[in-house]
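Here is a short set of exercises to work through with the structure open beside you. Try each task before you read its solution.

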Amino acid sequence: MRLISHIDAVEELLRHGIAAERREWSLGDTVMVPLGAAFEHSGTVVFSSVAWLVPNSRDAWDLVQMLSQRERRRRFSSLELAVAEALELTKLYDCMGACSACGGVEHLSFGEWCGLGQMTYWIATSCGTCGACSEADGGDSLPEELREIELRRHGTWRLTTSAEHSPRAWSAIRAELALGLPELAALKRTLPGELFRGTLAEVSRLQARLARAHVQTELHEAV
Ligand SMILES: [Zn+2]
């Protein structure tokens, strides 16, 4: 079946067990795609995260995610392709493991953010069988296995900069990236260009720290 309308997209997502809904709001006439577990909060259902299918010109549709202080928008040439990607995204929020207390199915949720040049992550588990819960957090990058999922959920981001910097700025770049002098010289030859790539929180942290030394950088999604 060819998908062309909002109704088609909602039906296709419902067929896959995703409680999608048509919503009109500031992004336009959209389809809301819930990601991850639903919680009840003061009588309303809230989802861990959501993505939006937004019609663009002609047959093209955008898949939009609201990340911390920025919008991630990816364009697809048809609604089928956009819905297929939305379904892939929902799978990335379905993280399960075995409960260490009873061996039942344990749901895992996690996230990371960056504020004022500091990164924080959190990991929470809850067992659907015995109800055992755990929570952990940290002040650096996510553990590698979860970091890989984070990159697939929210994309890989890159920080770019110019080739012209003051001596103070170069020493800040060198310190933040833990480069030796030969490595810094090699990096200089590649600029203007990329300084670093990683998760959005990792790249945002580096951008905030370099800004303190007046290093101008730009943050983009790596495509
Ligand atoms: Zn359990």
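For sorting residues, Ala, Val, Leu, Ile, Met, Phe, Trp, Tyr, Cys and Pro count as nonpolar, Asp, Glu, Lys and Arg as charged, and the others, Gly among them, as polar. Keep in mind that the model is predicted.

**Exercise 1. The overall picture**

Task: Describe the chain by its helices and strands, its span and its share of buried residues.

Solution:
- Start with the secondary structure: the chain contains 6 helices and 12 strands.
- Next, take the extent of the C-alpha trace, which spans about 60 × 55 × 30 Å along its principal axes.
- Finish with burial: of the 223 residues in the chain, 42% are buried.

**Exercise 2. The largest pocket**

Task: Find which residues and elements line the largest pocket, and sort the lining by residue class.

Solution:
- The largest pocket holds about 1,100 Å³ of space.
- Its lining has 47 residues, and Ser 48, Ser 49, Tyr 93, Phe 110 and Arg 153 are the closest to the pocket centre.
- Now assign the lining to elements. At least two residues each come from strand E2 (28-41), strand E3 (44-55), strand E4 (61-67), helix H2 (79-91), E7, E8, helix H3 (144-154) and helix H6 (200-212).
- E7 gives the most, with 9 residues.
- Using the classes from the start, the lining divides into 23 nonpolar, 18 polar and 6 charged residues.

**Exercise 3. The zinc site**

Task: Identify the protein donors of the zinc ion, work out the geometry of the site, and explain what Cys 102 and Cys 127 tie together.

Solution:
- The donors are the SG atoms of Cys 99, Cys 102, Cys 127 and Cys 130, at 2.3 to 2.4 Å from the zinc ion.
- To classify the geometry, use this cut-off: four donors count as tetrahedral if all angles lie between 85 and 135 degrees. The angles among the 4 donor atoms are 104 to 112 degrees, and the site is tetrahedral.
- Along the sequence, the donor residues follow the spacing C-x2-C-x24-C-x2-C.
- Cys 102 sits in the loop between strand E6 (95-98) and strand E7 (105-115), while Cys 127 belongs to strand E8 (residues 118-127), so this pair ties together parts that are 25 residues apart in sequence.
- Compare their surroundings: Cys 102 is partly exposed, with 40% relative accessibility, whereas Cys 127 is buried, at 6%.

**Exercise 4. The nonpolar core**

Task: Say how many residues the largest nonpolar core has and which elements supply them.

Solution:
- In soluble globular proteins, nonpolar side chains tend to be buried together.
- Here, the largest nonpolar core has 29 residues. Those with the most contacts inside the core are Leu 13, Val 31, Val 33, Leu 53, Leu 63, Val 83 and Phe 110.
- Helix H1 (6-15), E2, E3, E4, H2, E8 and H3 supply at least two residues each.
- H2 provides the largest share, with 6 residues.
- Look back at Phe 110: this residue is among the closest to the centre of the largest pocket, and it also ranks among those with the most contacts in the core.

**Exercise 5. Backbone exceptions**

Task: Locate the cis peptide bond and the positive phi values of Ser 42 and His 214.

Solution:
- As background, most residues other than glycine have a negative phi, and most peptide bonds are trans.
- The cis bond joins Leu 191 and Pro 192, with omega about 5 degrees. Pro 192 lies in the loop between H5 and strand E11 (193-198).
- Ser 42 has a phi of about 50 degrees, although it is not a glycine. This serine is in the loop between E2 and E3 and counts as exposed at 69% relative accessibility.
- His 214 has a positive phi near 60 degrees. Its place is the loop between H6 and strand E12 (217-221), and at 62% relative accessibility it is exposed.

**Exercise 6. One more histidine**

Task: Is His 165 buried or exposed?

Solution:
- Place the residue: His 165 is in the loop between strand E10 (157-161) and helix H4 (167-177).
- Recall the cut-off: buried means under 20% relative accessible area.
- His 165 has 16% relative accessibility, so it counts as buried.

Notes:
Residues numbered from 1 in each chain as written. Predicted model: local features only at pLDDT ≥ 70, side-chain atom pairs only at ≥ 80, totals over all residues. Heavy atoms only, no water. Donors = N, O, S within 2.8 Å, 3.2 Å for Na, K, Ca; no water. Tetrahedral: all angles 85-135°; square planar, octahedral: opposite > 155°, others 65-115°. Helix = DSSP H or I, 4+ residues; strand = E, 2+ residues; numbered from the N terminus. Buried < 20%, exposed > 50% of the residue type's maximum accessible area, 1.4 Å probe, protein only. 1 Å grid on protein atoms, 1.4 Å probe; cavity = no way out; pocket = protein on both sides within 12 Å on 5 of 7 lines; lining within 4 Å. Points joined across faces, edges and corners; volume = space filled by probe spheres on them. Core = buried A, V, L, I, M, F, W, Y, C linked by side-chain atoms within 4.5 Å.
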